[in-house]
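Colleague: Put the model up for me, please. Then let's go through it bit by bit.

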There are 2 protein chains.
Amino acid sequence: MVMQRNTWQREAVRSALDTQMGFVSAQSLHSKLRGSGSHIGLATVYRALGDLASEGQADSLQSPEGENLYRACSRGHHHHLICRSCGLAVEIEADDVEVWAKRVASLHGFTQAEHVVDVFGYCSSCVAPSAESAANPVSARK
Amino acid sequence: MVMQRNTWQREAVRSALDTQMGFVSAQSLHSKLRGSGSHIGLATVYRALGDLASEGQADSLQSPEGENLYRACSRGHHHHLICRSCGLAVEIEADDVEVWAKRVASLHGFTQAEHVVDVFGYCSSCVAPSAESAANPVSARK
DNA sequence: GGGCTTATTGATAATGATTGTCAAAAGCGA
DNA sequence: TCGCTTTTGACAATCATTATCAATAAGCCC
Ligand SMILES: [Zn+2]
Ligand SMILES: [Zn+2]
Ligand SMILES: [Zn+2]
Ligand SMILES: [Zn+2]
């Protein structure tokens, strides 16, 4: 019913996302675009990314800090191993996890189950910041 | 170095969290407390929940909508199957997932890896809302 | 109990990401 | 080009969370 029009803005976002090798936030992508001379608006970047994600042309996930990150999508359902520092992402598939998630849900009578499975860390190119040897166990919130 | 003082506020948050059978947000817990006649401040609820979480006395996770949710914790590392509607949570353990996460991280040279593994759905007591049979695949962002 | 020192509280302002508004600008089919 | 709609983008509005900071109250010693 609703016709989708082609605008240079949408194309700009799509291609900007392609040049990124990792996940980026809407804010960050907007800055990069502006930095490249584009006059695209922030709201438009948000809209374009949201559209790409719901069209399956981009993956999206929440960073541990609560920001929504996006990345050009290859295809199909999969998960990611993401660098906390540079955003680099490695696509990972795990059929075991898929069946596990599905089973644990139905086992407890849950329907319309979705799952969030992500692994965050520091890639080999990024130095992990002041690693407090023992102190915080794992995900102590800032 | 820093002595922790006991206040009725902290105790109020702790016990309020205990009465919840599922995950709740700081905002929501604050409302409940206020509704029960307590004059506790919002910032205090945030602080108390944050402390409980970092002390390991509460579990915390991000809802798909980006809110931070908390729940009285039993003990040890585990994951959850959460009802999108009532917040009911079932603790689930999966050693397979643990080893998988650990391996996939080291396999790609990632260090200080943490993982986010949660399953969201509708529990048997909650009716799934207008299930758009086919329309939206899975997690179309509102 | 009466002070003292200092952690804690809480009303409120500030932050920051995301969304809503709506008039102006731009697709696109005729 | 014309006209109808979709899209844009500057800006305001939300909303959860955090920062401020003066006032309050634990824990403690006398
Ligand atoms: Zn990195
Ligand atoms: Zn999956
Ligand atoms: Zn439920
Ligand atoms: Zn785990």
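Modeller: Buried means under 20% relative accessible area, exposed means over 50%, and partly exposed is in between (1.4 Å probe, protein chains only). It's a predicted model, so local features need pLDDT of at least 70 and side-chain atom pairs pLDDT 80 or more, while totals for chains, interfaces and linings use all residues, and side-chain values use heavy atoms without hydrogens or water. Residues are numbered from 1 along each chain as its sequence is written, with chains lettered from A and ligands numbered from 1 in written order.

Colleague: Start with chain A, then. In what order do its helices and strands run?

Modeller: Chain A has four helices and six strands; helices are DSSP runs of H or I with at least four residues, strands are E runs of at least two, and both are numbered from the N terminus. Of the 142 residues in this chain, 38% count as buried. Reading from the N terminus, the order is α-β-α-α-β-β-β-β-α-β.

Colleague: How many salt bridges are there over all chains?

Modeller: The test is a side-chain nitrogen of Lys or Arg within 4 Å of a carboxyl oxygen of Asp or Glu. One of the pairs is A:Arg10 with A:Asp51, at 3.1 Å from N to O. Over all chains, the total is eight.

Colleague: How many residues apart are A:Arg10 and A:Asp51?

Modeller: A:Arg10 is in helix 1 (residues 8-19) of chain A and A:Asp51 is in helix 3 (residues 42-54), so the pair links distant parts of the chain. A:Arg10 is partly exposed because its relative accessible area is 25%, and A:Asp51 gets that label at 27%. Along the chain, the two are apart by 41 residues.

Colleague: Is A:Arg71, which pairs with A:Glu91, buried or exposed?

Modeller: The A:Arg71 and A:Glu91 side chains meet in a salt bridge of 3.4 Å, N to O. This one connects strand 3 (residues 68-72) with strand 5 of chain A, 20 residues apart. A:Glu91 is partly exposed at 32%. A:Arg71 has just 14% relative accessibility, so it counts as buried.

Colleague: Over in chain B, about how many helical turns separate B:Arg14 from B:Glu11?

Modeller: Their side chains form a salt bridge at 3.3 Å, N to O. Both count as partly exposed, B:Arg14 at 26% and B:Glu11 at 41%. Because they're three residues apart in helix 1 (residues 8-19) of chain B, the separation is about one helical turn.

Colleague: Now the metal. What spacing do the donors of the zinc ion (ligand 4) follow?

Modeller: Donors are N, O and S atoms within 2.8 Å of the metal (3.2 Å for Na, K and Ca), and water isn't among the atoms, so sites may look incomplete. Here the protein donors are NE2 of B:His77, B:His79 and B:His115 plus B:Glu98, listed twice through OE, at 1.9 to 2.5 Å. B:His79 is buried, since its relative accessibility is 4%. Along the chain, the donors follow H-x1-H-x18-E-x16-H.

Colleague: Any backbone oddities to look at? Which residue of chain B has a positive phi near 50 degrees?

Modeller: Most residues other than glycine have a negative phi. In chain A, A:Gln112 goes positive, near 50 degrees, within strand 6 (residues 111-122), and it's partly exposed because its relative accessibility is 41%. In chain B, the residue sits in strand 6 (residues 111-122) and is partly exposed at 39%. With phi near 50 degrees, that's B:Gln112.
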